[in-house]
Amino acid sequence: MRRFLAVAVFAIGGTAFAQPPDLVLVNAKVVTVDARSSVQQALAIRDGKIRATGTSNEIRKLAGAGTRVVDLGGRTVIPGLIDSHLHAIRAALSFTTEVNWIGTRSLPEAMSRIRVAAQRMPPGAWLIVAGGWNELQFAERRRPTQAELEAAAPNNPVYVQLGYGWVVMNPAGFAKLDIRSDADLPAGGKLERDGEKVTGAISGGQGAIIALFDRLPKPTAADQVAGTKAFFRELNRLALTGVVDPGGNNLFPADYQALFDVWRHHELTVRVAYTLNGQTSGKEFEELKSLTALLPMGFGDDRLHFNGLGERITVAMNNNPAPSAEDKERYYEIVHWAAEKGMSLTMHWNTDGTVDHLLGIFERVNREIPIAPLRWSIAHLNDASDASLKRMHELGVGWTVQDAMYFGGEDLVRRQGKDAARRMPPVVTGQRLGVAIGGGTDAHRVASYNPFTSLQWFVDGKTVVGTPIRATEETPDRMAALRFYTLGSAWFSFDDKVRGSLEPGKLADLAVLSADYLTVPTEKIGDLESVLTLVGGDVVYAAGDFAGLDRQERK
């Protein structure tokens, strides 16, 4: 280790250390995620980048009169986490105007959050839980009832959404939206009944639930900016310093403006690689050409940049296990054009049984334009076969993997049997075959945005109720899982050479944790959070013993 340190310091020595570091962190357990998976005691930062790692004594010697020296008291430091598939832009828009059930463990706790929000908001204001929860996280193992919503907030309309298939509202919510019967719902929506009596719940397909949600009032421009700042600070609390946003349903150009406003004012505390989608069925190509006419791939800076096309590309190919020849041809035209323009892209695909439709198109493009340098990727694909992973590796196509089975595994096993999820997702096989893998959540409609929930799921393969469903042969160790969530995810935004590990010359994005990720009991990984988060060497979140650093940074 000492020889490695000397080489690292020497390699950036000379002029680099003519001036002392701005900040040194000592007396720590620095998990570097470098090629050796080395663990150091300290690191030095100058001009937003890591200048050296090594022992506490060695790093202390680099400090000058103006260097801030922070003793971490033996705490663990990791590279800032990067979610490779988080709908952060959309989640942020309404973060300060929604009620968050992420992390609640009982229905009384969830209702208390509704009650507190009702006390804070004026009578008649909407209280909205837009997703990120599942009934299995509650001790009661059931969904909330209309009566519970009414008791928690009798003077406010309440809307609670579960994924993209179910909604419950109190009577005031139904009155506000003028819904009296099935005829008043979007196509595909249905009022649930207990005999002849409506229950207050609505079920339907994804299109129906999205259309229903779109009837709710939109946050003001000021609320969207405030929500963006608050949501990104919440991500900082959970050690996140970067996201790759895949775009998605109903994310229009106007919806990016709050993000751009925060970026323009130099207040962005999370690095964002964003993508664009066409939103109108049959007109996606025209929309994408217009949106990107003056937006080359990679345009932006190290806080915000354009990262290509987002997760569905065309409406016709989205969640369609049997696309027609015409559907595939239109899709091919767009992705071939994207390859010509040097654009990356990511595509949402759920099942291996039908992924040949997508891989076949990618292979067709690749015969004309090599796509490996473009770092295209497939999201989800929890049941990926060895054959599909080999095809992805040969194409240079990456794989963004989420913790869908944390919430969804119980239902999968109930429907398909206990062996159905033993390989879900087969990340160890993917790693062995050389597929680029990034960790993530797919939050916040269908999952929690907490990366430690996902990291725990990676290393124990247990559902939200604690049922082990994944076999040990597809369960990575803690360091491999952390690598997925750092260097692995950085690959998808072309940033793996500049962030994702704590090595000299890389951006000083890091988090000091509340407990040691490498040794804390597995079932406690999900409880971890950051007590000090840096982005580019700047403090963006601090708590507990380090709260004073945050206050100093904000002066």
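The following questions and answers concern the core, one sheet and several salt bridges of a predicted model.

User: Which helix gives the most residues to the largest nonpolar core?

Analyst: The largest nonpolar core has 89 residues, and those touching the most other members are Phe232, Phe362, Trp376, Ile378 and Trp399. With seven residues, the element that gives the most to this core is helix H11, residues 325-340.

User: Which residues does Phe232 touch, not counting residues up to four places away in sequence?

Analyst: Phe232 is one of the five residues named as touching the most other members of the largest nonpolar core. Once residues up to four places away in sequence are set aside, the contacts of Phe232 are Ala88, Ala92, Leu259, Leu268, Thr269, Val270 and Val272.

User: Which strands stand at the edges of the open sheet that contains S17, S18, S19 and S20?

Analyst: The four strands follow the order S17-S18-S19-S20 with parallel pairing. Each edge strand has a single partner strand, so one of its sides is left without a neighbour in the sheet, and this applies to S17 (346-349) and S20 (437-440).

User: What is the bridge partner of Trp399 in S20?

Analyst: Strand S19 covers residues 398-402 and is joined to S20 by four bridges, the two strands running parallel. Within S20, the residue that partners Trp399 is Ile437.

User: Is Glu234, the salt-bridge partner of Arg237, buried or exposed?

Analyst: The closest N and O atoms of Arg237 and Glu234 are 2.9 Å apart, and both residues lie in helix H8 (residues 221-237), three residues apart, about one turn of the helix. Arg237 is partly exposed, with a relative accessible area of 23%. Because buried means under 20% relative accessible area, Glu234, at 16%, counts as buried.

User: How many residues apart in the chain are Arg364 and Glu329?

Analyst: Arg364 and Glu329 form a salt bridge whose closest N and O atoms are 3.0 Å apart. Arg364 belongs to helix H12 (residues 356-366) and Glu329 to helix H11, so that the pair links distant parts of the chain, with a separation of 35 residues.

User: What is the relative accessibility of Asp386, the partner of Arg423 in a salt bridge?

Analyst: The closest N and O atoms of Arg423 and Asp386 are 2.8 Å apart. Arg423 lies in the loop between helix H14 (404-416) and helix H15 (427-432), whereas Asp386 lies in helix H13 (residues 386-395), so the pair ties together parts that are 37 residues apart in sequence. Arg423 counts as partly exposed at 33% relative accessibility, and Asp386 also counts as partly exposed, its value being 31%.

Note on methods
Residues are numbered from 1 along each chain as its sequence is written. This is a predicted model: local features need pLDDT of at least 70, side-chain atom pairs count only at pLDDT 80 or more; totals for chains, interfaces and linings use all residues. Side-chain values use heavy atoms; hydrogens and water are left out. A nonpolar core is a set of buried Ala, Val, Leu, Ile, Met, Phe, Trp, Tyr and Cys residues joined through side-chain atoms within 4.5 Å. Buried means under 20% relative accessible area, exposed over 50%, partly exposed in between (1.4 Å probe, protein chains only). Contact means heavy atoms within 4.5 Å. Two strands pair if DSSP finds at least two bridges between them. A salt bridge is a side-chain nitrogen of Lys or Arg within 4 Å of a carboxyl oxygen of Asp or Glu.
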